[in-house]
Amino acid sequence: MKKVLFIALCLFALNQAKAQVGLSFLHSEAVSSFGISTNPEKRIWGEGRIDMDVSEFSPEIMGFYNFIRKEDFNLFGGLGYRFKLAEGPVIPPVGFTVKPFEKMRNFAFHAEGAYVSGAVDGDDFLKGAIGFRYFIKKSK
């Protein structure tokens, strides 16, 4: 049931993206993941993530708010939920994206930190991740 809900939410997010989608890769010591997001340039945006460790399928649904939006930098925070392996809320994910290349504004480096609550073994943990994001923008 959770997998069906996750897929439905991802499809809804892609529909809301209006063909402006972000693809991301995040690496951390705890878990590395791939993500698909709605338009991360908007004030409010969301992302669905899937862990690279396929033996422990633990998708995440995240909602973000861009506190600072500039041409080459965004600072965001939000809420999320992690399913299965470490089931529980992810609060508060806080991070930033930096677009260092003027001619490649669709590419950004990404860093994020979050507190994951309700792990299966009873231990909560802090998760920090770094990675990159690529924006697919609708042609004008």
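## Buried charges and aromatic pairs

The side chains of R49 and E112 form a salt bridge, with N and O 2.7 Å apart. This pair links distant parts of the chain, since R49 sits in strand β3 and E112 in strand β7, 63 residues apart. Both residues are buried. Salt bridges with shared partners join R49 and E112 with E47, E60 and R133 into one network. The model is a predicted one.

### Salt bridges

The structure holds 5 salt bridges. Three of them are set out below.

| Salt bridge | N to O distance |
|---|---|
| R49 and E112 | 2.7 Å |
| E47 and R49 | 2.7 Å |
| K99 and E41 | 2.7 Å |

R49 also meets E47 in a salt bridge. E47 has a relative accessibility of 2% and counts as buried, and R49 is buried as well, at 1%.

The K99 and E41 bridge ties together parts of the chain that are 58 residues apart in sequence, because K99 lies in the loop between β6 (88–98) and β7 (107–116) while E41 lies in the loop between β2 (33–37) and β3 (44–51). How buried or exposed are the two partners? K99 is buried, with a relative accessible area of 3%. E41 counts as partly exposed, at 23% relative accessibility; the cut-off for buried is under 20%.

### R133 and its surroundings

R133, a member of the salt-bridge network described above, lies in strand β8, which spans residues 125–136. Its relative accessibility is 0%, so R133 counts as buried.

Which side chains make polar contacts with R133? One is E47, with a polar contact of 2.7 Å. Another is H110, whose side chain is joined to that of R133 by a polar contact of 3.0 Å.

Setting aside neighbours within four places in sequence, the residues in contact with R133 include L23, S24, S37 and P40. W45, E47, R49 and T97 are also among these contacts, as are N106, F107, A108 and H110. Two residues in this list, E47 and R49, belong to the network that includes R133, and two others, W45 and F107, take part in the aromatic pairs described next.

### Aromatic pairs

The count of aromatic pairs comes to 11. One of them is formed by W45 and F64, which are tilted, with 4.5 Å from centre to centre and 35 degrees between the planes. W45 lies in strand β3 and F64 in strand β4 (residues 60–69), so this pair ties together parts that are 19 residues apart in sequence. Both W45 and F64 are buried.

F107 and F109 form an edge-to-face pair, with ring centres 5.1 Å apart and planes at 85 degrees. Is each ring buried or partly exposed? F107 is buried, with a relative accessible area of 17%. F109 counts as partly exposed, at 40% relative accessibility.

F107 and F109 also belong to a cluster linked by ring pairs, together with F25, F34, F101 and F132. F107 is thus named twice here: as a member of this cluster and as a contact of R133.

Note on methods: Residues are numbered from 1 along each chain as its sequence is written. This is a predicted model: local features need pLDDT of at least 70, side-chain atom pairs count only at pLDDT 80 or more; totals for chains, interfaces and linings use all residues. Side-chain values use heavy atoms; hydrogens and water are left out. A salt bridge is a side-chain nitrogen of Lys or Arg within 4 Å of a carboxyl oxygen of Asp or Glu. Helices (H or I, at least four residues) and strands (E, at least two) are DSSP runs, numbered from the N terminus. Buried means under 20% relative accessible area, exposed over 50%, partly exposed in between (1.4 Å probe, protein chains only). Rings of Phe, Tyr and Trp (its six-membered ring) pair if their centres lie within 6.5 Å; planes under 30 degrees apart count as stacked, over 60 as edge-to-face and the rest as tilted. A polar contact is a pair of N or O atoms within 3.5 Å; within protein, one must be able to donate a hydrogen and the other to accept it, and residues adjacent in sequence count only if both atoms are side-chain atoms. Contact means heavy atoms within 4.5 Å.
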